[in-house]
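Welcome, and thanks for taking a look at this one with us. Below is a short briefing to read alongside the sequence and the model.

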Amino acid sequence: MAEKLTPFEIMRQLISFPTVSSESNLPLIDWVESYLASHGITSHRYSDPDQPKAALFAHVGPQIDGAVVMSGHTDVVPVVGQDWDSDPFTVVERDGKYFGRGTCDMKGFDALAIWALVEAQNLDLVRPLQLALSYDEEIGCIGAPPMIQAMQSILPKGSAVIVGEPSMMLAVTGHKGGLAFDTHVIGFEVHSSLMHTGVSAIMQGARLIDWANHRNAENMAREPGALAAQFTPPWTTCHVGMIEGGTAHNITAKDCHFAMAFRVVPGEDARTWREAYLAEIKRIEAEMQVVHADARIDVSTKFDVPALMPEQHGEAEALVRSITGDNGSHVVSYSTEAGQFQQAGYSAVVCGPGDIAQAHQPNEYVSIAQFNAGHDFMQHLLQRLVG
Ligand SMILES: [Zn+2]
């Protein structure tokens, strides 16, 4: 039997692969696959049809439904432009912390999950354990849905999913949904002295952005429902994080591109927000076309991640609470793959080592105490699975 690595050694290995979302994750997936194979575990891949990336999933224990699923993503955010004190892709231990890109978000958890799966292989499980490693999470959770579909057709169906995003090992039972659009306003160029005969893509785009300002003000002023009230802020937000367009100060802008994103509180339907935004686009587009027939607004969905709805007596939540002893109620305003697992029929909860405040930062780290708490958690989880 091959050598067993510690969780730390596995994390160090995972972090050595610079799996920024724009790059292939196949070297990492190859490594995980062969490490699991060296311990007699068969893994399966979902390979992306359009790019050199794959998700990996595996099942250990009796071939029955009801597995606990440990879910993590393999991609990390870029390090370009960030000021790091050490190589982001080499784990460095300093001041009680492990530094490296992904230590916190979320290769630390991935390593613990891989470790637990290998341990489980040598135990006599009564309840199976599954591992699910996705890609393209950091660019809008777009890798998980096809992976979940593939898992369901190949493995016995799991029932409780633990998504190990950094939560300080607390049970996070709800999060907002994310809905984002790329909007391209196409105007009609004229000399700005004759602007009444042209269509400025920028000025029309500004109307759509101001529509978002009004929605934010309305949402903020409204009394939140019981579900929404748990969130900070307790309302759906509409945000434009990027904009570009125009040619010169004296030309009505031909093009304006911007990124519009909604963070939708559970209990509100993202489809309603989509329809409201598209209706406003139609309204403004019609006015633009009165001036020039070729003016238009193109919009495409960048991502659409369902919210995680707090579950009534949720199985995943109960399992995590029984291990951590945490009975507080925790919700977050960022999206994770937990909403997607829930939508696919699983009970889902977010629980993993580290603090989201350290994610995506230069000198990202997970504290050794948190990493060890994650290790303890996995040991207790394994005890639950042997009955
Ligand atoms: Zn993450």
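This is a predicted model. A good place to start is strand S3 (residues 67-73), where 7 of the 7 residues are buried. From there we can move to the zinc ion, whose protein donors include His-73, then to the nonpolar core, and finally to a second set of paired strands.

**Strand S3 and its partners**

- Side chains in a regular strand alternate between the two faces of the sheet.
- In S3, Ala-67, Val-69, Ser-71 and His-73 lie on one side and Val-68, Met-70 and Gly-72 on the other, and both faces are covered.
- S3 pairs in the parallel sense with strand S7 (residues 158-163) over 5 bridges, and Val-68 stands opposite Ala-160 of S7.
- S3 also runs parallel to strand S6 (residues 129-134), to which 6 bridges join it; here Met-70 stands opposite Leu-131.

**The zinc site**

- Which protein atoms are donors of the zinc ion? They are NE2 of His-73, OD of Asp-105 and two OE entries from Glu-165, at 1.8 to 2.6 Å from the ion.
- Along the chain, these donors follow the spacing H-x31-D-x59-E.
- Distant parts of the chain are linked here: His-73 belongs to S3, while Glu-165 sits in the loop between S7 and strand S8 (172-175), 92 residues apart.
- The arrangement is irregular because the 4 donor atoms subtend angles of 54 to 139° around the zinc ion, whereas a tetrahedral assignment needs all angles between 85 and 135 degrees.
- Is His-73 buried or exposed? Its relative accessibility is 0%, so His-73 counts as buried.
- Glu-165 counts as buried too, because its relative accessibility is 3%.

**The nonpolar core**

- The largest nonpolar core has 54 residues, and Leu-36, Leu-129, Ile-162, Met-378 and Leu-381 have the most contacts inside it.
- Helix H3 (residues 107-121) gives the most to this core, with 10 residues.
- Why is H3 described as largely enclosed by the rest of the structure? The reason is that 13 of its 15 residues are buried.
- H3 reaches 21 Å from its first C-alpha to its last, close to the 21 Å expected at 1.5 Å a residue.
- Leaving aside neighbours within four places in sequence, Leu-381 is in contact with Val-68, Met-70, Leu-129, Ile-162, Leu-319 and Ile-323.

**Helix H7**

- Two of those contacts of Leu-381, Leu-319 and Ile-323, are among the buried residues of helix H7 (residues 315-324), together with Ala-316, Glu-317, Val-320 and Arg-321.
- The cover over the buried residues of H7 includes S3, S7, S8, strand S14 (347-350) and helix H9 (368-385).
- Just after H7 comes Gly-325, with a positive phi of about 75°.

**Strand S9 and Arg-274**

- Strand S9 (residues 177-186) is largely enclosed by the rest of the structure, because 8 of its 10 residues are buried.
- S9 runs antiparallel to strand S11 (residues 255-264), with 10 bridges joining them, and Leu-179 stands opposite Phe-262.
- S9 is also antiparallel to strand S12 (residues 296-305), through 9 bridges; Thr-301 is the bridge partner of Phe-181.
- Arg-274 has its place in helix H6 (residues 270-291).
- Neighbours within four places aside, Arg-274 is in contact with Leu-179, Phe-181, Thr-301 and Asp-304.
- Arg-274 and Thr-301 are 27 residues apart along the chain, with 9.4 Å separating their C-alpha atoms.

Terms used. Residues are numbered from 1 along each chain as its sequence is written. This is a predicted model: local features need pLDDT of at least 70, side-chain atom pairs count only at pLDDT 80 or more; totals for chains, interfaces and linings use all residues. Side-chain values use heavy atoms; hydrogens and water are left out. Buried means under 20% relative accessible area, exposed over 50%, partly exposed in between (1.4 Å probe, protein chains only). Helices (H or I, at least four residues) and strands (E, at least two) are DSSP runs, numbered from the N terminus. Two strands pair if DSSP finds at least two bridges between them. A nonpolar core is a set of buried Ala, Val, Leu, Ile, Met, Phe, Trp, Tyr and Cys residues joined through side-chain atoms within 4.5 Å. Contact means heavy atoms within 4.5 Å. The expected span of a helix is 1.5 Å times one less than its number of residues. Donors are N, O and S atoms within 2.8 Å of the metal (3.2 Å for Na, K and Ca); water is not among the atoms, so sites may look incomplete. Four donors count as tetrahedral if all angles lie between 85 and 135 degrees; four count as square planar and six as octahedral if opposite donors are over 155 degrees apart and all others between 65 and 115; anything else is irregular.
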